[in-house]
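Okay, everyone, thanks for coming. Let me put the sequence and the model up, and then I'll talk you through a few side-chain pairs and the place where two domains meet.

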Amino acid sequence: MAANTLADIFQVLRRRPDIEAPNLQAWDATDRLLLDTALQLGRAGGNTVVVGDRYGALTLGAAAVLAPAPLRVHQDLVTGERALRLNAEALRIHREAAAEDGSGAPAEFTQLPLGPELLAEADTVLLQLPKTLAELEEIADAVVRYAAPGVRLLAGGRVKHMSLGMNAVLERFFVSVQPQLARQKSRVLLASGPKVPASSPRFPAIEHLDGLDLDVAAHGAVFAGPKLDIGTRYLLTFLPAMKPARHAVDLGCGTGILAAMYARHFPGSAVTATDQSAAAVQSALATARANGLADRISVLQDDALSTFADGTVDAVLLNPPFHIGTGVHAGAGLKMIEAAGRVLAPGGELWTVFNRHLDYLPALERHVGPTVVEGRNPKFTVTRSTRRPR
């Protein structure tokens, strides 16, 4: 019965508003394995929390087969939050059309930040394993700090992306970490017996970058942590060539290094640091505060500037990702380039750094305007695109 129910749910799921493509799907075998494992362990009917759900498979599946109500959910990416809500509504309509039991009643869930409100009294946590050990550390710390004393953490992932380092991180926080049998190239780690947490959380981690004379704050989910990634380092060498802007945007801000350095270099400019990741915008805010720039930099969690009006920005700084999840895909960068072109005012500039193997030049010309290659090194290209008149 559970297998049929999950199959019905999964067939409805889509990735929107995230990138959709024939080779990208909204669920994987890990989602099903996590739910099946929770059922086998008798976790139905408990106080269940979902962490890291990509597009709603775990949340909507848990609501159907584990029947905890209401579910509490944490998703770092705003695209995941929006996809879950869209898929919940699509599932309700699908059930109404099929005249299933429940008459299309929607799944009950509350989306919350990682912290005490999310995890209070939780006895089961279903986790899609994150990409980085630092993010796993921050999640595990929160679970042992805020969940019920008898909590069980079911952490699942694709075997090819799992490492013994993940076991080691969980063993720092739980007495027992037991790998379960793999199925369809996915595996679940069962962690139980939470240890006494440290007196205070380690995140955000803060490091001083001597080369920039900048304190950088980073939560676990942020790319490159509190370090300076080499693409950003290269783009910053062109800061003297940029123009001061009334309103500049650090698009895909990560820890907010570009926003902080631009605000410092152009003290008369208002700067917005925006990212689809909650961990990133909180990191960027902490970076701004650590450097006395909080009155000059605002932070916003958003999906590719979706809440910005057309033609309202004078400069955009962009170091786009070339991964979607764990796969290489140029779609995210192309989406951000198109968004930058939409929000830039005529004459506004988009400064972009990207890996040399990526062919972004046609998209920059098409969506923004005339594009000049300002520099190349063995790994990266830096371009300046000027928004053409509308």
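**Salt bridges and a domain interface**

Let's start with one pair: Asp302 and Arg82 form a salt bridge, with 3.6 Å between the closest N and O atoms. By salt bridge I mean a side-chain nitrogen of Lys or Arg within 4 Å of a carboxyl oxygen of Asp or Glu. Before I go on, the housekeeping: this is a predicted model, local features need pLDDT of at least 70, side-chain atom pairs count only at pLDDT 80 or more, and totals for chains, interfaces and linings use all residues. Residues are numbered from 1 along each chain as its sequence is written, and side-chain values use heavy atoms, with hydrogens and water left out.

So, how many salt bridges does a search of the whole structure find? The search comes back with 16. The Asp302 and Arg82 pair links distant parts of the chain, 220 residues apart: Asp302 is in the loop between β12 (297-301) and β13 (313-318), and Arg82 is in helix α4. Helices (H or I, at least four residues) and strands (E, at least two) are DSSP runs, numbered from the N terminus.

Are the two partners buried or exposed? Asp302 counts as buried because its relative accessibility is 1%, while Arg82, at 22%, is partly exposed. The cut-offs are under 20% relative accessible area for buried, over 50% for exposed and partly exposed in between, with a 1.4 Å probe and protein chains only.

Now the domains. The domain assignment gives domain 1 (1-194) and domain 2 (205-387); such bounds come from an automatic or database assignment. Their centres, taken over C-alpha atoms, are 31 Å apart. In contact terms, meaning heavy atoms within 4.5 Å, 18 residues of domain 1 touch 18 residues of domain 2. The area buried between them is about 1400 Å², with carbon and sulfur atoms giving 53%. Buried area here is the accessible area (1.4 Å probe) that two parts lose on being put together, summed over both.

And how many salt bridges are there between domain 1 and domain 2? The count is one. On the side of domain 1 that touches domain 2, α4 (78-98) and α6 (133-146) each supply at least two residues.

Over to another pair. Glu207 and Lys227 meet through their side chains in a salt bridge, 3.0 Å from N to O. Glu207 sits in strand β8 (residues 205-209) and Lys227 in the loop between β9 (214-218) and α8 (230-236), so this pair ties together parts 20 residues apart in sequence. Both ends are partly exposed, Glu207 at 31% relative accessibility and Lys227 at 46%.

One more: the side chains of Glu349 and Arg384 also meet in a salt bridge, at 3.8 Å from N to O. Glu349 is in strand β16 (residues 344-355) and Arg384 in strand β18 (residues 380-386), so parts 35 residues apart in sequence are tied together. Glu349 counts as buried at 9% relative accessibility, and Arg384 is partly exposed at 22%. Which residues join Glu349 and Arg384 in a network of salt bridges? Those are Lys243 and Glu374.

Last stop, away from the charges: Ala38, in helix α2 (residues 29-40). Ala38 counts as buried, because its relative accessibility is 0%. Leaving out residues up to four places away in sequence, Ala38 touches Arg43, Ala44, Leu66, Leu126 and Leu154. Leu126 is 88 residues from Ala38 along the chain, with 8.2 Å between their C-alpha atoms.
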